[in-house]
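Visitor: I would like to see how labels such as buried or salt bridge are earned. Could you show me the structure and take my questions?

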Amino acid sequence: MKKYVYSFGGGKADGDKSMKDLLGGKGANLAEMCRYGLPVPGGFTIATEVCNIYFQNGNKVPADIQQQQHDALAKLEALMGKKLGDPNDPLLLSVRSGAKFSMPGMMNTILNLGLNDVTTAGLAKKTGNDRFAYDCYRRFIQMFGEVALGIEMEHFDHIFDEKKKKRKIKIDSDLSAADLQSIIADYKKLVKKETKKEFPQDALEQLNMSRDAVFRSWHNDKAVYYRKMERIPDDIGTACTVQAMVFGNMGDDCGTGVGFTRDPGSGEKVFYGEFLINAQGEDVVAGIRTPQPIADLEKVMPSAFKELKEITTNLEKAYKDMQDFEFTIEAGKLYMLQTRNGKRTGPAAVRVAVEMVKEGLITKDDAVTRVAPSQLDQLLHPVFDTASLKSLVKLGKGIAASPGAAVGMAAFSAQSAVEMSKKGPTILVRKETTPDDIAGMDAAKGILTAVGGKSSHAAVVARGMGRPCIVGAGAISIDEKGKKFTVKAGDKTVTVKEGDFISIDGTTADLYLGQSKTVEPNTKSGFLAEFMGWADEFRGGFGVRANADIPKDAKAARNFGAEGIGLCRTEHMFFAEDRLPFMQAMIMARDEKSRRAALAKLLPMQRKDFAGLFEAMEGFPVVIRTLDPPLHEFLPKREDLMVAIAKLPHAGAKEKKEMAEKFGCKVGDLKKHLPHVLHRVEELHEMNPMLGHRGCRLGITYPEITEMQARAIFEAAVQVAKKGKKIIPEVMIPLVGGYRELDNQKEIVVRVATEVLEKAGMPDLKYYVGTMIEIPRAAITADEVAQYAEFFSFGTNDLTQTTMGLSRDDYTKFNAHYENLKIFKTDPFGSLDQEGVGKLIAMAIDLGRKTRPDIEIGICGEHGGDPDSVAFCYRVGMNYVSCSPYRVPIARLAAAQAALAKGSKTENRTA
Amino acid sequence: MSPMDFLSCLFSLGWYSFRGAGHYVGTMIEIPRAAITADEVAQYAEFFSFGTNDLTQTTMGLSRDDYTKFNAHYENLKIFKTDPFGSLDQEGVSKLIAMAIDSGRKTRPDIEIGICGEHGGDPDSVAFCYRVGMNYVSCSPYRVPIARLAAAQAALAKGSKTESQTA
């Protein structure tokens, strides 16, 4: 008989920390803590497999597993010396979810299970505390009612609040035992009304129903959303841990709390957390009462504090990672309820990893493997410009919960945040957040709450998502219905309405009215620089370049560690205001002579741009792509021209002047110019421009364009090389489908290069001519293409579109369907389709290297900044990836991890 | 797909569904990704029919309608030997088709393979389809005799290695 239920308690456990797949993170870690002999209340974990069996078996747990559960319960009863349902001294249980990967607050928990009319009286008698017993029963009916019976929480809240109102009571704990009994009676009536059945009195029935509810919560909306966001598979299921209750709410010598062995926001090595005296577990996280900092526990319960600190310090050493723990103190005695590797922000992840290496706790390999590349994003985003902040009104301070700067429009509900985020950045402003706000928190750039502490839901989730977050900003008074908040700033009262811009700094916890300017973060020193240094050691010769079109971006890319430019899109230079008229003149030209005249005006401008790029990237290669987009993109829109032509006869002088400016001609010429341009626009109109007259097809039909660009590139090269700087130009021909196109364009480039270089007396200046591979035909015939190409650069944006026959813009019409049905594992434009497009890429690399073994191969699509795609590029043997400057460090880390994984053949997922 | 393509495809499907007992479920191969993963697709497909109009557009990254803007240039410079929408691009698209047939037959040796793009009525393309081991071509009704003759010539050119097609 296969084992599905694993017991723990009394210093022994069936499981251990290696069994997360089976027992979930929570179950595995509880078992491990028991093995260490730590004070953990006994219990048992029903394996994750049972969750899947439950669903396959028509939402029922089979009898043999039920029997294992029964035996485990008997074992627990023997251990605790109490029996479930005993009228005099009942065993009470908690029932919790726990999957392999932590999903905080997304699934269900039930506490105080085992209470009914009879056992509650027994508990009251045994503890001599009526109020406590009835409060537990009241909480149990409420939780069980919501989770297992599906009754809306607001019905329970309504009864509870009515009672408080009637008794003129403000604080829950002022309700007497008699009040609670009357609430319980009303709760039971509510259950009868909603479910047509009595509230179940049989403790075993309660247990089975709670277990099933935990399994079902695997598929609730927020859990599904969270898994999608965190890319956690849907089919791994949750375990269910049943554990003896300990009580933090039996009096003032009791309490409960949560904490971290280091600050999960900054990573600093300080004992971090919060607790509440006389409270039950969920109260701390729920943000209903604002808890006390954990340091205060030392004053209130010194021995429990000392033990807690010792235990958690040892746990950190045993797990070799920052721990996130939960504890309860019952009548002065400490119990550990959970430990796990804590979720943390990007800055914290880096600092913890670096400091743990220095403490000798982990190796550099561990450190580099452990930080998720996407987490670096938070360290690379701009920070507030201090000068700009001075001009804003400071609205107050809260508690720093998740670092980083965020500017956005205030949104007072999750729904508003989702809606408004389509138009611009938002900050979600809530009294406190609940798991139902997850979509809004995801949509917002930052989160601000008025109540709750560092362990509140908002803080935990914001850190997980890497959103800047301020919690507990008690000075602001939020009117959620009226969609505004007010706050005293100096001697004035400021009202912030939905849509008003605010700026929040999650590092300092300062809140400002208005939009602050931002500046680049410092990546050249501190923990990040040290960490990236280690990553680069493991990355070895695999290069990371940046896509950059202008010298400013190239400089930023160098700062982020780029080792060259993998893609310079020359067309971006033509869209600039001072150049567009010449570009348009070139397009309007009817013959080669006038085209050349217009191109001659563009030549010095391009030369200057290229020289800037070469200087910024001194010593590193610069890949310059010749003109790519269809020509109509440089002309006014057809609709705009038609409107202007219709308006022109009736337009006043002012309007005519505006038109002339907009369309780049003299007022007197409008009448002739507009129809002329319209005619050309209509000539250039295409059914499917993406697959039309663009890329090398332009260079082949108008060779003088390629010629001008080649001239600009090599004249710039000469200019910079003459200053004694080392430059490596790489000319890239786009949209090549076969070798003949490349041959045609390469011939032009080489002819111009030879002429320019010889004239300058630098015939030996080394340069390369290669091609983008973005059309399947080029990939299929890569062996032939490589006869002409000195490098390949996979343009995976277009290669994905053409290989999959899928327009990126139109995919949004049905992407939800495709991804839900798992037809695509993930958005193929976000992360490379390794099974299809990836197969073609691997084939092209093989073919290309057969012809030219030393051919240089890289990727320049947006996938170059996606960690999974970078790992793929590493595995198939590319020489480098190229991505946007801000993603360069992410790609550097992803490549280092791929290099490390190749050694051990396993890919690690960060906690 | 034009109405004529549609008819010709129906024609081929109808032909084969009457041929034996039962029915067949298969797929058009007109997207490069399907050709590249033909071994996996063949686990589910009982037949492949190469839709070469779209397969040419996607594999060459070339819109048929917009090609007219620069076709003269391309064909004069011999970048394309001929219009790839008239006669199958035998150096590129065909390579992909041959690869897909190989990997499809590895999974399902008896998979039925045909072509239903307009190339099915072009003699040079028909000869290619014969050489690469397809089971049939499908074309517009008026081009059926042309395709029959082209197939016969391809068979003769190949020598005695004629495989008997369905009657």
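Visitor: Let me start with A:R231. What makes this residue partly exposed rather than buried or exposed?

Guide: This is a predicted model, and in it A:R231 has a relative accessible area of 43%. Buried requires under 20% and exposed over 50%, so A:R231, at 43%, is called partly exposed.

Visitor: Why is the pairing of A:R231 with A:D866 called a salt bridge?

Guide: The N to O distance between the side chains of A:R231 and A:D866 is 3.9 Å. The cut-off is 4 Å, so 3.9 Å qualifies as a salt bridge. This pair links distant parts of the chain, 635 residues apart. A:R231 sits in the loop between α9 (221-230) and β8 (238-244) of chain A, and A:D866 in the loop between β33 (856-859) and α37 (867-875) of chain A.

Visitor: And A:D866, is it buried or exposed?

Guide: A:D866 has a relative accessible area of 9%. Buried means under 20%, so A:D866 is buried.

Visitor: Which residue forms a salt bridge with A:R344?

Guide: The partner is A:D321, with the closest N and O atoms 2.9 Å apart. A:R344 lies in the loop between β13 (333-341) and α13 (346-358) of chain A, while A:D321 lies in the loop between α12 (302-319) and β12 (323-330) of chain A, so the salt bridge ties together parts 23 residues apart in sequence. Both A:R344 and A:D321 are buried.

Visitor: How do you know that A:E49 and A:K2 form a salt bridge?

Guide: Their closest N and O atoms are 2.8 Å apart, and the rule asks for within 4 Å, so A:E49 and A:K2 count as a salt bridge. A:E49 is in helix α2 (residues 48-56) of chain A and A:K2 in the segment before β1 (5-9) of chain A, so parts 47 residues apart in sequence are tied together. The relative accessible area is 24% for A:E49 and 45% for A:K2. Partly exposed lies between 20% and 50%, so A:E49 is partly exposed, and so is A:K2.

Visitor: How many salt bridges does the rule count over all chains?

Guide: The count is 70. Some residues are linked in a network of salt bridges: A:E571, A:R625, A:D628, A:R694, A:E774 and A:D798.

Visitor: Why is A:C51 not counted in a disulfide?

Guide: The closest cysteine sulfur to that of A:C51 is in A:C240, 9.4 Å away. A disulfide needs sulfur atoms within 2.5 Å, so 9.4 Å is too far for a bond. Over all chains, the count of disulfides is 0. A:C51 is also buried, at a relative accessible area of 0%.

Visitor: What makes A:C665 buried and A:H158 exposed?

Guide: A:C665 is at 17% relative accessibility, and the limit for buried is under 20%, so A:C665 counts as buried. A:H158, in helix α6 (residues 153-166) of chain A, comes to 51%. Exposed means over 50%, so A:H158 counts as exposed.

Visitor: Now to the interface. How many residues of chain A are in contact with chain B?

Guide: There are 34 residues of chain A in contact with 29 residues of chain B. A:R740, A:R777 and A:I780 supply 24% of the area that chain A buries against chain B, more than any other three residues. The two chains bury about 2,700 Å² between them, 58% of it on carbon and sulfur atoms.

Visitor: Why is the pair of B:E91 and A:R740 called a salt bridge?

Guide: The N to O distance is 3.2 Å, within the 4 Å limit, so B:E91 and A:R740 meet in a salt bridge. By class, the side of chain A that touches chain B has 13 nonpolar, 11 polar and 10 charged residues. The rule finds 6 salt bridges across this interface.

Visitor: What makes A:T781 buried?

Guide: A:T781 has 0% relative accessibility, under the 20% limit, so A:T781 counts as buried. This residue is in the loop between α31 and α32 (782-785) of chain A. Leaving out residues up to four places away in sequence, A:T781 touches A:G737, A:G738, B:E91, B:G92 and B:K95.

Technical notes. Residues numbered from 1 in each chain as written. Chains lettered and ligands numbered in written order. Predicted model: local features only at pLDDT ≥ 70, side-chain atom pairs only at ≥ 80, totals over all residues. Heavy atoms only, no water. Buried < 20%, exposed > 50% of the residue type's maximum accessible area, 1.4 Å probe, protein only. Contact = heavy atoms within 4.5 Å. Buried area = accessible area lost by both parts, 1.4 Å probe. Nonpolar A, V, L, I, M, F, W, Y, C, P; charged D, E, K, R; others polar. Helix = DSSP H or I, 4+ residues; strand = E, 2+ residues; numbered from the N terminus.
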